[in-house]
Amino acid sequence: MSKYLVVVESPTKAKSISKFLGKNYKVMSSMGHVRDLPKSKLGIDVEDNFKPHYITIRGKGELLKELKKNAKDAEKVLYAADPDREGEAIAWHLKQYLEGNKDGEDPNADALCRVEFNEITKDAVQKAVKQPRAIDINRVLAQQSRRELDRLAGYKLSPLLWKKVRKGLSAGRVQSVAVRLICEKQKEIDDFIPVEYWSLEGDFLHEQEEFQAKLLKVQDKKAEIANEEQMNEILKSLEGVSYQVISVQKKQKKKTPSPAFTTSSMLQEANQKLGYTSKRTMQLAQQLFEGVSIGSTAVGIITYMRTDSVRIAPVAQEEAREYVSEHYGKEYCPEQPRIFEKKGHIQNAHEAIRPTSVQRTPASMKQYLTQPQYRLYKLIWERFVASQMADAQVENTAYDIQAGECLFRANGTVVTFPGYMKLYKNDKKENVLPDIKEGELVTLKKLRPEQHFTQPPAAYTEASLTKTLEKLGIGRPSTYVTIIETIVSRGYVSRRDKTFHPTELGIVVNDLLMEYFPDILNVEFTARLEDELDKVEDGSESWQQVLADFYGPFSERLAKAEEAIGEIELKDEVSDVICENCGRHMVYKMGRYGRFLACPGYPECRNVKSVDKDGNVEEKVIEESDIICEKCGSRMVVKKGRYGKFLACPNYPECKNIKSIDEEIGVSCEKCGGQLVKKRGKRGKVFYGCQNYPDCQTVYWNLPVEQLCPECGRHMVEKTNKNGETTVYCENKECPGNVKKAAEGKRGRKQVSEE
């Protein structure tokens, strides 16, 4: 019998920390939230001070019985869920269930049972279990308040949309604000009127060194060239003139490194530098936090990844400074540790995202990580170490070149001391200028006039949308990914060329909500609600009052909208694609598997086309293969269907032979050394098998990763649920290391917010 039962929410986390605790500890996973508001009804008694009605999440019954049995056998239960509001709520719900408390009643409220750590390392975990605290009920109430706000908005607005617009629609307190931002940006783009203007650059030579300068002034006024006629006049005035450097300006400037990542800045940087979506970035960060197998031990190699703080623990600062001095030299280490401050309301108990040990360099960890994990870890590690390095020193140089009545300017930058840029560089190339003295002449090589048109504002990318949400105070670190994924999956916005654009559905719903529920879509109102939730957490605001202040005006507007809104006819979004069968412009529609193109002439014309995530048509026949159809002897072609690429005979329907395409996943079979490949069964179910089948019959039902199970030697597998949470485990049911056995046969799900 174990003296202590430690309950965490993730099976991967359970496996990692169990290695750090002795035989007196048993670690089990709750597989996320165990209780939630019911899906079939509101679950909130608005007449009784917004009392929530919690039920056990479907599929968690057997797991909870197992947890309760082990809790009775243990002297003490410790709750070690994530160090945020969601984690606090998971701990509280588990405690309520395991102790048999009724909601609102907790005779052991002061029990020291909550364990919290920001990194999954041996020292951090062992220290945390020796210093348990009471569950922070204010943090629990803040999470409960957010949940109820989202439920009230979602469950009251959605039926209205079903009745007035289309069945199956939904609205949310935060997601609708994000859709509004995208709709308003699109309107700016659509309303934009381009204006013509011209620029003039010159290529110059000085002692065989070439450099560029741009026209700055004409007759001592800023060069504003509106059309080709004005440009030709300037070019004519420059015929036969000399070009003399009349001013040389050199300024020394310091460049300070950015702080270690917050959730928002990590999502932005990973999107810009690595091309990762927000969802993918958080999946990878979760894996790096929960534990990477290094030899026989799984250890978390980054701190908790949901944070808005830029604070760094002093011990981590000192470790980084020692590393910098040793590997780059003392001149690269500032005299004092660098401390960053972030404005606004932040959860400063957390640290910024950093490696748990600077000594785990990206190079030393590469063998233990998948390529995507490695790229993100390298970004996090370099950003953190660079944040504790010395400023970069640069020299900005500007040459003013007089040519008749025209003045050109050449700007350049020289890095005189790289400082932090030695490790963490930006993507901009420095323009290095030749050394020219004031009064010297330079030689014109070529003038390059160019016509331009002013550009509309850029559509939101994942990075810029996340940055805007953070700047406006919309959402928190744990919600950015959910917001983006929700508005895309529900068809309110679409991705095109990595940018977001509202669909016709999104515009109609946004216009309706803007007219009848302006508070719901008001940016300041939504940001103020976030501040109110923060006040609930610090105990300075009543959670019932926050809900009452929201629900009173909201319910009044809802009643008026029910009467005032008539049925809205939703127009399909027309594409540029012409139906080859009847000549009509095809329209975008939403189906079970996402967006697709359909002919508006249905049912007379039933032509449909698949589209990719950017709305572009996916060609059915992609290429001819080298595989010969064994039934008719024709060369098979590669096609793309609902489940991806496959081989098909071109003589269909006379010959209906098809084959799956073996897609390598970069992992070798542990039995024969062959490549494991992605396959599909007859009903489209994905599985992974050895390419040497039937000689080798190794098979996996989830995506195998490179690390091997220390118990049975098979590859561990990776599985991601619909909330974006990734679990790595051994799926061999006979293996004693199978961490999913506690929930075998069940489908435990983590809470899904209406946001």
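Good morning. Helix H6 passes helix H14 in a right-handed crossing. I should say at once that the model before you is a predicted one.

Let us stay with this pair of helices. H6 covers residues 175-191, and H14 covers residues 480-489. Their axes come within 9 Å and cross at roughly 70 degrees. Angles of 65 to 115 degrees count as roughly perpendicular, and therefore H6 is described as roughly perpendicular to H14.

Which residues make the contact between H6 and H14? On the H6 side they are Gln175, Ala178, Val179 and Ile182. On the H14 side they are Ile483, Thr486 and Ile487. Sorted by character, the residues of this contact comprise five nonpolar and two polar ones, with no charged residue.

I now turn to the sheet. It is open and has three strands, in the order E2-E1-E7, and the pairing is parallel. Which strands form its edges? They are E2, residues 25-29, and E7, residues 76-79, each of which pairs on one side only. From one strand to the next, the twist averages 25 degrees.

Please look next at strand E1, residues 4-8. E1 pairs with E7 in the parallel sense, over four bridges. Within this pairing, valine 6 stands opposite leucine 78 of E7.

Finally, a helix accompanies these strands. Helix H2, residues 61-73, lies across E1, E2 and E7. Relative to E2, H2 runs at about 165 degrees. Angles over 145 degrees count as roughly antiparallel, so H2 and E2, at about 165 degrees, are roughly antiparallel. Thank you for your attention.

Notes:
Residues numbered from 1 in each chain as written. Predicted model: local features only at pLDDT ≥ 70, side-chain atom pairs only at ≥ 80, totals over all residues. Heavy atoms only, no water. Pairing = 2+ DSSP bridges. Helix = DSSP H or I, 4+ residues; strand = E, 2+ residues; numbered from the N terminus. Axes fitted to C-alpha atoms, helices over the stretch in contact; angles between N-to-C directions. Contact = heavy atoms within 4.5 Å. Parallel < 35°, antiparallel > 145°, perpendicular 65-115°, else oblique. Left-handed = near helix turned anticlockwise from the far one by under 90°. Nonpolar A, V, L, I, M, F, W, Y, C, P; charged D, E, K, R; others polar.
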